[in-house]
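Here are my notes on this one, in no strict order. Have the viewer open as you read, since I hop between chains a fair bit.

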Amino acid sequence: MHRAVPFAITFVTACVLICAALVPPVESIREEFTLFFDILAAFAFLLGGASLLGQHAAKIHRQAKGWAYSAVCLVSFLTTLVLGLLKTGGEGGLGGSVTGEGTVLAWIYEYVLGPCGATIMSLLAFYVASASFRAFRVRTVEATVMLVTAFVVLVGRTFLGGLISAWLPPSLEWLGIANGVQWIMSVPITAGNRAIMIGVALGIISTSLKVMLGIDRTYLGEDA
Amino acid sequence: MTRRLAIAIFALTLLLLALIRASTGAMSNPFADEQALGVWVSAALTLCMLSFLYGDNPFFKFAENVFVGVSAACWMVMAFWRALVPNLLGNLAPEVPVALFGMDLPLDVGVGRRLLYVVPLLLGLMLLTRFHPRGRAISAWALAFIIGTTAGLRFVTYLGSDFLAQIHNTIQPLVVLRDGAFDARATLSVVVLTAGVLCAMAYFYFSREQKGLLGAASRVGIWILMITFGASFGYTVMGRVALLVARMEFLLRDWLGFL
Amino acid sequence: MSWRGRPWQWETDRRLVYVIMLLSVVGPLIWRISFREHPSPMVQEIFDAIEALPPDARVLMAYDFDPSTDPEVKPMGDAFTRHLALRRAKLFYLTLWPLGQGEIDQVLRRVLLAEFPEYRYGTDFVNLGFMSGNEGVIAVALTDLKKGFTTDAFNASTAGDNGMPIMRGIDNLRNMDLIVSVASGYPGLREWIQYAAVPGRIPIIGGAVAVMSPELFPYVPGQCKGLLAGIKGAAEYEQLLIERYPQLDRPEARTALDRMGPQTAAHFAIMALIVLGNAMYLLERRRERGRRP
């Protein structure tokens with residue numbers, strides 16, 4: 001019972017979804033199953049939020065190191081949650097849009113979430129530059145090929161790519177950097193990514209089969 | 001120079017700069033309206049986040065925790081209002097959101113459909129039992145449904161869109177004729193593309209020792225993959241720089257009023 | 001900062017690299033350096049695909065990104081919106097990212113409602129908002145759009161004859177003339193291709209962050225008509241738009257173009273750093289070889 005029921009659920013659900021692709025009458029069942037999945041995904045968000053709440057509350061309760069930051073996190077979380085659930089500030093009250101004009105959530109989105117998210121990601125520009133300076137070395141032929149491609153792309157993805165091409169006579173335009181980058185993107189890079197993609201697809205197909213047939217039950221907490 | 005002193009000098013310099021700009025009218029008064037206040041809050045959070053470049057510090061930790069808390073709450077709010085209320089409650093008991101929240105939902109939902117949506121409600125509640133040590137076995141049922149759906153959806157899709165479609169895209173005539181004449185450049189592209197895919201796949205084939213023809217193909221495959229990774233690096237740089245440019249643009253234009 | 005030791009031992013002074021990066025971005029921003037872009041064939045194809053749409057074409061706008069990457073993809077979304085509004089398309093906005101609904105609200109406020117006052121909500125465009133479930137949402141929408149999106153972002157029903165005029169005659173994604181996916185990760189353009197465009201044979205174009213663009217090139221042009229890759233793709237698209245519609249030559253419609261100056265300078269700064277790093281590495285290697293007996 002402990003293992004059989006989850007396995008049976010996985011097997012039946014996966015089989016129904018695969019059959020729906022082959023047997024049109026099963027499509028309506030597939031639709032309902034997928035809608036259930038969409039609703040469960042929403043429950044997973046609640047689970048995530050509740051987990052965050054539990055972790056930080058425990059940290060504050062224990063007065064563990066850095067508990068003050070946990071308090072900051074909890075205050076931000078609870079304030080946003082309450083204001084968001086009440087749709088504070090928006091037109092139409094609880095029947096209006098949750099992120100509509102005038103809502104506090106829209107303000108938080110624009111002035112808190114936006115800058116924080118974008119700045120965290122922009123920090124990577126500095127780290128990429130630092131890592132390039134310290135680690136991107138022409139130690140082997142393969143590394144040199146990688147470096148040259150990176151340079152061609154970096155130049156080609158600026159206005160200079162087009163400018164250099166513009167100086168060439170029409171008959172030799174295809175030798176320009178912009179066209180070179182275009183060719184690199186649509187031929188060797190597509191080839192490399194396509195090979196990876198075919199490999200990934202095979203991996204996903206086999207994993208799906210393993211999960212469906214109960215060979216892989218790691219999601220139930222069992223060893224592979 | 002200690003880290004704290006350096007951060008303090010940096011913060012003071014910025015504050016001074018901001019005060020000078022504000023006094024000349026180039027910057028908005030933070031208390032003028034909610035938009036102006038928002039710009040100042042954004043700027044402060046941006047600077048807190050950027051301070052991580054100097055190392056982990058209280059400013060960064062503060063902004064980081066605000067970000068985590070606000071993000072998680074936003075996700076929960078969106079899940080509640082956009083998925084649970086209209087799609088779960090809207091099928092189980094549409095009268096409730098219509099009466100309580102004034103939502104515009106169809107009320108003519110049959111009994112069969114209402115009963116059917118007890119299933120996702122139960123599965124969702126099962127998922128939430130994960131918090132209790134004895135609830136893990138029950139939550140596995142809901143997890144099994146999620147895993148089964150994902151496996152079923154992906155099996156079909158990856159087989160069609162990625163595996164078969166990509167093979168189909170690769171198999172093309174190796175000699176390209178344009179208006180009846182031989183097109184050398186297009187032919188070269190098709191040959192490189194086809195050979196490139198095969199060679200790169202040969203590199204990932206580990207069931208046989210990579211020597212002879214397989215070894216040669218594998219070595220070419222490494223080159224193809226290196227070109228791929230080089231381009232990925234170039235694109236990564238482009239992406240990250242674009243984000244930095246936007247943040248600097250915000251600080252200089254929207255906050256300091258320089259641009 | 002410590003300058004002691006040999007150049008290759010300056011690793012503690014990574015902040016010098018940060019300052020170089022910062023200056024390379026801030027300088028061109030202050031001096032407002034920008035360039036004219038030369039659109040690539042792929043961008044031209046995307047532009048032509050939208051130009052070829054008939055009036056009142058139904059276009060699904062999938063906004064699958066959040067603030068962490070919006071500086072890169074928001075200009076694409078804005079440009080697509082402007083172009084489609086100029087072509088008088090019917091626009092259906094939706095997102096699979098919880099924070100994507102805020103992005104839709106912003107584009108509607110800043111672009112569609114501000115620049116195209118003749119566009120009426122519920123008649124010419126609709127904001128279907130967010131729905132959880134990632135690719136599951138697309139799979140349902142392919143056969144029944146209104147089952148997943150029972151209401152729009154303002155909680156108005158999408159079903160029934162009394163509903164919004166724009167939703168009449170819309171059963172599923174197959175009723176769309178084009179899907180435009182602006183994406184920055186999972187779920188995004190890849191999922192729209194896999195779960196909607198390929199099984200439903202629906203034309204699709206997209207814009208993606210630069211990081212994920214190379215992975216998407218194998219779908220072009222077989223499964224996806226074209227792809228705007230990162231900020232450069234957005235800038236080329238803006239250039240084409242301005243050339244075709246000169247009334248758009250104003251600051252808010254050339255966000256990506258204006259950012260290409262600092263972008264170029266930063267690219268060259270990174271290239272210079274790589275060259276410098278390698279020069280130091282090669283010098284050291286030569287010295288080490290010289291020291292060997």
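1. Let me start with a local pair. B:Arg253 and B:Asp254 join their side chains in a salt bridge, with N to O at 3.0 Å. How exposed is B:Arg253? Its relative accessible area is 39%, so it falls in the partly exposed class. B:Asp254 lands in that class too, at 36% relative accessibility. Bear in mind while you look that this is a predicted model.

2. Next, C:Arg190, which has two acidic partners worth a look. One of them is C:Glu215, with a salt bridge of 3.4 Å, N to O, between the side chains. C:Arg190 sits in helix 7 of chain C and C:Glu215 in helix 8 (residues 213–216) of chain C, so this pair ties together parts that are 25 residues apart in sequence. C:Arg190 has a relative accessible area of 18%, so it is buried. C:Glu215, at 39%, counts as partly exposed.

3. The other partner comes from across a chain boundary. The side chains of B:Asp162 and C:Arg190 form a salt bridge at 3.7 Å, N to O. B:Asp162 belongs to helix 7 of chain B and C:Arg190 to helix 7 (residues 189–200) of chain C, so here the pair joins two chains. Buried or exposed, for these two? Both B:Asp162 and C:Arg190 are buried. As for the principle, side chains of opposite charge can pair when their charged atoms come close.

4. Now for the rest of the contact between chains C and B. It takes 60 residues from chain C and 43 residues from chain B. About 4400 Å² is buried between the two, and carbon and sulfur atoms give 65% of that. The pair of chains has three salt bridges, including B:Arg154 with C:Glu135, where the closest N and O atoms are 3.1 Å apart. There are also 19 residue pairs in polar contact, counting those with both residues at pLDDT 80 or more. On the chain C side, helix 1 (residues 14–30) gives the most, with nine residues. That side of chain C splits by class into 32 nonpolar, 18 polar and ten charged residues.

5. The contact between chains B and A deserves its own point. Here 107 residues of chain B touch 102 residues of chain A. The two chains bury about 10000 Å² between them, with 84% of it on carbon and sulfur atoms. Which three residues supply the most of the area that chain B buries against chain A? They are B:Met76, B:Phe145 and B:Phe155, and they supply 7% of it.

6. What about charge between chains B and A? The salt bridge count is one, and A:Glu32 and B:Arg113 can be seen meeting that way at 3.0 Å, N to O. Polar contacts come to twelve residue pairs, again with both residues at pLDDT 80 or more. Several helices of chain B give two or more residues to the side touching chain A, among them helix 2 (34–50), helix 3 (58–92) and helix 9 (212–255). Helix 7 of chain B gives the most, with 26 residues. By class, the residues on this side of chain B are 77 nonpolar, 21 polar and nine charged.

7. For a single-residue view of that contact, zoom in on B:Thr228, found in helix 9 of chain B. With a relative accessible area of 1%, B:Thr228 is buried. A polar atom of its side chain lies 2.8 Å from the backbone oxygen of B:Ile224. Setting aside neighbours within four places in sequence, B:Thr228 is in contact with A:Pro188, A:Ile189, A:Gly192 and A:Asn193.

8. Last, chain C on its own. It is divided into domain 1 (7–33 + 259–291) and domain 2 (41–253), whose C-alpha centres lie 38 Å apart. Chain C also holds a network of salt bridges that links C:Asp56, C:Arg88, C:Lys90, C:Glu118 and C:Asp124. For the tally over all chains, the structure holds 29 salt bridges.

Conventions: Residues numbered from 1 in each chain as written. Chains lettered and ligands numbered in written order. Predicted model: local features only at pLDDT ≥ 70, side-chain atom pairs only at ≥ 80, totals over all residues. Heavy atoms only, no water. Contact = heavy atoms within 4.5 Å. Buried area = accessible area lost by both parts, 1.4 Å probe. Salt bridge = Lys/Arg side-chain N within 4 Å of Asp/Glu carboxyl O. Polar contact = N/O pair within 3.5 Å; in protein donor to acceptor, adjacent residues only side chain to side chain. Helix = DSSP H or I, 4+ residues; strand = E, 2+ residues; numbered from the N terminus. Nonpolar A, V, L, I, M, F, W, Y, C, P; charged D, E, K, R; others polar. Buried < 20%, exposed > 50% of the residue type's maximum accessible area, 1.4 Å probe, protein only. Domains from an automatic or database assignment.
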